[in-house]
Amino acid sequence: MADREDKNEENVAGKFYVDSQCIDCDLCRETAPNNFTRSDDEGYSYVYKQAENDEEIAQCREAMEGCPVEAIGEDGDE
């Protein structure tokens, strides 16, 4: 389970986030490309735009459920 106290610092504030467990597998970026991107320098994903509609929320949740290391959380600061 993702730890909101261990978020990658690039995450924008909001409900969804990626923590330091990320292994850069690309699943979240493929599943929700409008919301997740990659830190090329650090080699992990982060949320660069919070979900703004039902479709983006569904994609972020699908990415969270598919994350092999459970690095995506949905309990961030609103």
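**Strand pairing, salt bridges and local contacts in the predicted model**

In the pairing of strands β2 and β3, Thr37 has Tyr46 of β3 as its bridge partner. The model behind this description is a predicted one. Strand β2 covers residues 36-39, and four bridges tie it to β3 in an antiparallel arrangement. The two strands make a hairpin with four residues between them, and in this hairpin Gly43 adopts a positive phi near 75 degrees. Strand β3 itself takes in residues 44-47, with Tyr44 and Tyr46 pointing one way and Ser45 and Val47 pointing the other. Whichever way they point, these four residues of β3 are all buried.

Salt bridges come next. The structure as a whole holds eight of them. Some are linked up: Asp24, Asp26, Arg29, Arg38 and Asp40 belong to a network of salt bridges. Arg29 takes part in two of the pairings described here. One is with Asp24, where the closest N and O atoms sit 2.9 Å apart. The other is with Asp26, again with 2.9 Å between the closest N and O atoms. Arg29 has a relative accessible area of 14%, so it counts as buried. Asp26, with a relative accessible area of 24%, is partly exposed. Another salt bridge in this set joins Arg38 to Asp40, and the closest N and O atoms are 2.9 Å apart there. Arg38 is partly exposed, at 31% relative accessible area, whereas Asp40 is exposed, at 60%.

Asp26 deserves a second look for its backbone. This residue lies in the loop between β1 (17-18) and α1, and its phi is positive, about 85 degrees, although Asp26 is not a glycine. As a rule, most residues other than glycine have a negative phi. Glu70 also goes against that habit, with a positive phi near 55 degrees in a residue other than glycine. Glu70 sits in the loop between α2 and β4 (72-73). With a relative accessibility of 46%, Glu70 falls in the partly exposed class.

On to the helices, starting with Thr31. This residue belongs to helix α1, which spans residues 27-31. The Thr31 side chain comes back to the backbone of the same helix region: it reaches the backbone oxygen of Leu27 at 2.8 Å. Leaving out residues up to four places away in sequence, Thr31 touches Gln59, Glu62 and Ala63. Its relative accessible area is 19%, and the cut-off for buried is under 20%, so Thr31 counts as buried.

Gln59, one of those partners, is found in helix α2, residues 54-66. Seen from the Gln59 side, and setting aside neighbours within four places in sequence, the contacts are Thr31 and Ala32. Gln59 is buried too, with a relative accessible area of 19%. Along the chain, Gln59 and Lys49 are ten residues apart, and their C-alpha atoms are separated by 13 Å.

What does Ala51 touch, not counting residues up to four places away in sequence? The list is Phe16, Asn35, Glu56, Ile57 and Cys60. Ala51 is placed in the loop between β3 and α2. Even with that set of contacts, Ala51 is classed as partly exposed, since its relative accessible area is 22%. Ala51 and Val18 are 33 residues apart along the chain, with 14 Å between their C-alpha atoms.

Finally, the aromatic rings. How many aromatic pairs does a search of the whole structure find? The search comes back with zero. A charge does sit over one ring, though: Lys7 lies over the face of Tyr17, at 5.2 Å from the ring centre.

Definitions and conventions: Residues numbered from 1 in each chain as written. Predicted model: local features only at pLDDT ≥ 70, side-chain atom pairs only at ≥ 80, totals over all residues. Heavy atoms only, no water. Buried < 20%, exposed > 50% of the residue type's maximum accessible area, 1.4 Å probe, protein only. Polar contact = N/O pair within 3.5 Å; in protein donor to acceptor, adjacent residues only side chain to side chain. Contact = heavy atoms within 4.5 Å. Pairing = 2+ DSSP bridges. Salt bridge = Lys/Arg side-chain N within 4 Å of Asp/Glu carboxyl O. Phe/Tyr/Trp six-rings, centres within 6.5 Å; stacked < 30°, edge-to-face > 60°. Lys NZ or Arg CZ within 6 Å of the ring centre and 35° of its normal.
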